[in-house]
Each structure stands twice: as C-alpha cells, then as structure tokens.
Amino acid sequence: MSTSQIAFLKGHGTENDFVIVPDPDNAIDLPASVVARLCDRRAGIGGDGLLHVVRSAAHPEAQAMAAEAEWFMDYRNADGSIAEMCGNGVRVFAGYLQRAGHVEQGDLAVATRGGVKKVHIAKDGAITVSMGRALLPEDGVTVGLDGRSWNARNVNMGNPHAVAFVDDLTHAGDLLSVPPYSPAAVYPDGVNIEFVVDRGPRHVAMRVHERGSGETRSCGTGACAVAVAAARRDGADPTETGTPVTYTVDLPGGTLLITERPDGEIEMTGPAVIVAEGLIDPAWLETVAG
C-alpha cells in the first residue's frame with residue numbers, strides 16, 4: 001500500500017452511494033480489507049461500494065475492452081468483494097469522468113466486468129446507461145421470510161437477481177441479512193434479492209438486499225431486473241411485440257426509468273451526484289492495510 005496521499009470522491013445515484021478512487025494507471029493496491037474499511041460508515045468514508053477508476057489498458061481484466069472503452073469501472077462491494085456490474089455505479093462513474101474533464105456531455109463507453117456499457121450524459125445531467133440484455137434462466141427459486149414464501153423470477157443483468165412480487169414491502173423484513181432462498185445451487189456466487197409491489201400501470205416500487213452490501217437505497221441492475229420481471233408478468237415482451245416498454249421504478253433513494261427495447265437492450269435513466277472530494281490519510285491507510 002502506497003504511503004502517498006490518495007485522492008477520493010464521494011458520490012451517489014438515487015442514494016446508492018460510493019467511494020470513488022481515481023487511479024488511471026492502476027497503481028493503487030486495494031485489497032478487500034481496505035475497501036471494506038473505506039466503505040465502513042463509522043470507521044471509514046462510508047459507501048455501498050467502491051468505484052476504482054482505471055484506464056482499461058492498465059487493468060488486466062479490462063485490456064481486451066480497451067479498444068471499445070478507455071475507462072474501466074473496477075467495482076467492489078462494501079465488504080471488499082468484487083462484483084461484475086453496478087448500474088447506479090456506472091452513472092456515478094460517468095458523472096465523475098465528466099467532472100474530471102475526461103469526457104464531455106454526450107456518448108461514451110465504460111468497461112465493466114459485465115461487459116462494455118454505453119452511456120449518454122444529457123444536458124440536464126441525467127445519465128442513461130445501456131445495461132445490455134437480460135437473461136432469464138429457467139431455474140426456479142423460492143424466497144422465504146418470516147413464515148411467508150414467494151416464487152421469485154430469476155433474472156441475470158450481468159449479475160444475478162431474484163425478483164419476488166409481494167403485497168407489502170414490509171414483508172421483506174429488515175434486510176440486514178440475506179433473505180433465505182432455495183435451491184441455493186441456483187446462485188453459487190450469491191444473489192441480489194428484490195421485493196416488489198405495484199404502484200400503478202407500469203409503475204412499481206422495490207427494496208433490495210445486495211449481496212455483499214445488505215439493503216441499499218437503490219440498485220440499478222436490480223431496477224432493470226425488476227422492470228423485466230414485471231413486464232413478463234404483465235405479458236409484455238418487446239422482443240416479440242416490437243414495441244418498447246418503460247417502467248417507473250421507485251426505490252428508497254429515488255426513481256429510475258427503465259426501458260426495454262425491441263432488440264432486448266435495456267436502458268436505465270437517472271441522476272448522478274458528486275457530493276465531496278478529499279484525501280485519504282496515508283497513515284490511517286497503512287494501519288488498515290497492515
């Protein structure tokens with residue numbers, strides 16, 4: 001771990017918040033223990049995850065994507081574990097790149113472990129991310145909690161989701177621990193679990209337990225998974241009808257618009273906010289890393 005000062009920023013997308021560590025040359029070692037402490041809300045900076053900002057050409061996991069996307073979002077969960085993708089994180093990542101002068105308003109591409117994501121930064125500051133296509137594995141899964149159980153829809157958005165439609169969001173409990181689900185073999189690497197209620201035509205609200213982070217105020221890939229699951233439940237499949245479908249998804253931290261297009265591409269639109277920047281104390285970092 002370097003003893004030099006390390007810059008950081010803090011940002012959020014619909015209150016899904018992140019520690020941002022700019023590191024274009026991939027020179028900063030960020031072991032899981034350090035990431036977990038940085039994301040700790042009492043002993044660190046605090047966040048649902050960490051966005052490690054690296055040039056694709058400088059990171060071994062992203063070099064193959066460097067021709068398509070200059071920047072790689074090396075995303076970490078709050079416990080330090082690695083995740084394939086974070087939808088709100090991509091928006092905040094793009095917001096940081098614009099703030100730092102690396103990109104301008106308009107279109108750009110961001111490399112992630114879930115593939116290259118196309119991003120559009122609008123004049124009003126809203127950011128739209130092309131999240132790719134949803135995969136709908138046939139494996140059935142049941143989520144159970146406090147004597148209730150629900151059949152959940154298995155949706156993969158580059159990371160795994162189980163979407164359960166419930167009568168009341170309080171049925172999800174406190175979401176401090178992983179809601180029990182079975183069979184566990186369906187999700188060998190863990191799963192994000194969404195609990196969803198209807199608010200109106202093509203309008204739903206959700207709560208989510210994100211693997212490695214617990215309940216978060218928002219989850220972009222989760223909102224996409226929920227919109228797809230709701231569309232299929234409602235009998236809508238744009239790839240068959242040729243007509244796009246848009247759902248409004250309310251989360252504890254705000255609202256996202258999710259559109260599934262006839263080619264299967266899913267677009268997520270929402271805000272990205274940078275709230276602070278500063279320097280991490282190298283002496284403190286040494287004690288954490290040591």
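Below, a trainee and a mentor talk through how a few terms apply to this predicted model.

Mentor: Ground rules: residues count from 1 along each chain as its sequence is written, and side-chain values use heavy atoms, with hydrogens and water left out. As the model is predicted, local features need pLDDT of at least 70 and side-chain atom pairs pLDDT 80 or more, while totals for chains, interfaces and linings use all residues.

Trainee: Why is glutamate 15 called partly exposed?

Mentor: Buried means under 20% relative accessible area, exposed over 50%, and partly exposed in between (1.4 Å probe, protein chains only). Glutamate 15 has 35%, so partly exposed is the right label.

Trainee: And what makes asparagine 26 partly exposed?

Mentor: Its relative accessibility is 25%, so asparagine 26 falls in that in-between class too.

Trainee: What is notable about phi in these two?

Mentor: Most residues other than glycine have a negative phi. Yet phi is positive at glutamate 15, about 65 degrees, and at asparagine 26, near 55 degrees. Glutamate 15 sits in the loop between strand E1 (6-13) and E2, asparagine 26 in the loop between E2 and H1. Those labels are DSSP runs numbered from the N terminus: helices (H or I, at least four residues) and strands (E, at least two).

Trainee: How do you know that the buried residues of H1 line one face?

Mentor: They are Val34, Val35, Leu38 and Cys39. Seen down the axis of H1, they fall within an arc of 130 degrees, so they line one face of the helix. That arc is taken from the directions from the helix axis to the C-beta atoms.
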